[in-house]
Amino acid sequence: MTSVSGKMPPPPPVRKESTILAFRRFAWIHSWAVYRAALLDPDGYDRIHPADLDDAALGAASREALLASRYIAPDHPDWERVHTFWNHDKGDKLRERLRAAASVKTNSALYKGAGNVGLELRDGIIAVEPLKYAGRGGFEGIRDLEPTKLPEAISDEALGAAIRAAIEISRAPWKR
């Protein structure tokens with residue numbers, strides 16, 4: 001009989017994450033609390049922006065969200081609060097808020113033509129990753145597409161342009 005060691009796996013690398021969810025009428029930009037998974041952070045960045053932001057404004061808002069992301073390990077004082085923050089009621093309220101901002105009544109209408117871009121900051125590099133719509137408000141990675149890697153010091157305008165290009169890839173009709 002073999003015994004299983006009680007040794008815990010090493011912690012994941014420190015990183016920050018944010019998301020830009022671009023709807024037809026607006027963009028919802030938010031940060032994540034990260035450890036192994038990413039969870040919405042009650043103290044994080046969570047804002048709705050007009051769809052017509054120029055590249056510099058899109059880059060600045062996205063960078064602000066990315067920098068607001070927190071690495072919350074099990075020994076962090078907010079670990080429990082972050083893990084219990086999200087529930088079905090909050091999900092329903094978020095969808096109501098997004099539908100109201102889009103002036104639509106259904107989730108199907110809300111997500112029609114939406115694009116989703118994930119940002120990850122690790123070791124001074126920002127990875128910009130477009131995701132494709134997978135139905136029911138969910139998005140997933142795009143096979144054989146590597147994230148665009150940019151230096152953390154990139155200008156807001158150049159970051160915004162990279163995000164805008166990734167949104168267009170995410171929205172591409174051949175992925176639906």
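**Close-up 1. Pairing of Ala 22 with strand β2 in the predicted model.** In this predicted model, Ala 22 has Ala 27 as its bridge partner in β2. Another pair across these strands places Ile 20 opposite Ile 29 of β2. β1 and β2 (residues 26-34) are antiparallel and share 5 bridges. The connection from β1 to β2 is a hairpin of 3 residues.

**Close-up 2. Strand β2 and its further partners.** Besides β1, strand β2 pairs with β4, β3 and β5. With β4 (residues 46-50), β2 forms 5 bridges in the antiparallel sense, and Ala 27 has His 49 as its partner there. The pairing of β2 with β3 is also antiparallel, over 3 bridges; Val 34 is matched with Ala 38 of β3. A hairpin of 3 residues leads from β2 to β3. The pairing with β5 (residues 70-71) is parallel and consists of 2 bridges, with Arg 70 of β5 as the bridge partner of Ala 33. Because 8 of the 9 residues of β2 are buried, this strand is largely enclosed by the rest of the structure.

**Close-up 3. Strand β1 against β6.** β1 and β6 run antiparallel and are joined by 7 bridges. In this pairing, Ser 18 stands opposite Leu 119 of β6. Of the 7 residues of β1, 6 are buried, and the strand is mostly covered.

**Close-up 4. Surroundings of Asn 116.** Asn 116 is a residue of strand β6. Its relative accessible area is 8%, and Asn 116 is therefore classed as buried, the cut-off being under 20%. Leaving out residues up to four places away in sequence, Asn 116 touches Thr 19, Ile 20 and Leu 21, as well as Glu 129, Pro 130 and Leu 131. Further contacts of Asn 116 are with Phe 139 and Ser 170. Ser 170 is also listed among the buried residues of α5.

**Close-up 5. The largest pocket.** The volume of the largest pocket is about 720 Å³. It is lined by 31 residues, of which Trp 28, His 30, Trp 32, Asn 116 and Gly 137 are the closest to its centre. The elements that contribute two or more residues to this lining are the strands β1, β2, β3 (38-40), β6, β7 and β8, together with the helices α3 (88-102) and α4 (107-111).

**Close-up 6. Helix α5 and its buried side.** Helix α5 spans residues 156-171, 16 residues in total. From first C-alpha to last, α5 reaches 22 Å, close to the 22 Å expected at 1.5 Å a residue. The buried residues of α5 are Leu 159, Gly 160, Ala 162, Ile 163, Ala 166, Ile 167 and Ser 170. They lie on the same side of α5, because they cover an arc of only 160 degrees around the axis. An α-helix has 3.6 residues a turn, so residues three or four places apart point the same way. The buried residues of α5 pack against the strands β1 (16-22), β6 (115-122), β7 (125-135), β8 (138-140) and β9 (148-151), and against helix α1 (55-68).

**Close-up 7. Arg 164 on helix α5.** Arg 164 is found in helix α5. With a relative accessible area of 29%, Arg 164 is partly exposed. Apart from its neighbours within four places in sequence, Arg 164 is in contact with Leu 53, Asp 54, Asp 55 and Leu 58. Arg 164 and Pro 130 are 34 residues apart along the chain, and their C-alpha atoms are separated by 9.8 Å.

**Close-up 8. Two loop aspartates with positive phi.** Most residues other than glycine have a negative phi. Asp 123 is not a glycine, yet has a positive phi of about 55 degrees. This residue sits in the loop between β6 and β7 and is exposed, with a relative accessible area of 72%. Asp 144, likewise not a glycine, has a positive phi of about 65 degrees. The place of Asp 144 is the loop between β8 and β9; Asp 144 is exposed, at a relative accessible area of 76%.

Note on methods: Residues are numbered from 1 along each chain as its sequence is written. This is a predicted model: local features need pLDDT of at least 70, side-chain atom pairs count only at pLDDT 80 or more; totals for chains, interfaces and linings use all residues. Side-chain values use heavy atoms; hydrogens and water are left out. Helices (H or I, at least four residues) and strands (E, at least two) are DSSP runs, numbered from the N terminus. The expected span of a helix is 1.5 Å times one less than its number of residues. Buried means under 20% relative accessible area, exposed over 50%, partly exposed in between (1.4 Å probe, protein chains only). The arc is that of the directions from the helix axis to the C-beta atoms. Contact means heavy atoms within 4.5 Å. Two strands pair if DSSP finds at least two bridges between them. On a 1 Å grid over the protein atoms alone, a cavity is a set of points where a 1.4 Å probe fits but cannot get out, and a pocket is an open set with protein on both sides within 12 Å along at least five of seven lines; lining residues have an atom within 4 Å of a point. Grid points are joined across faces, edges and corners, and a volume is the space filled by probe spheres set on the points.
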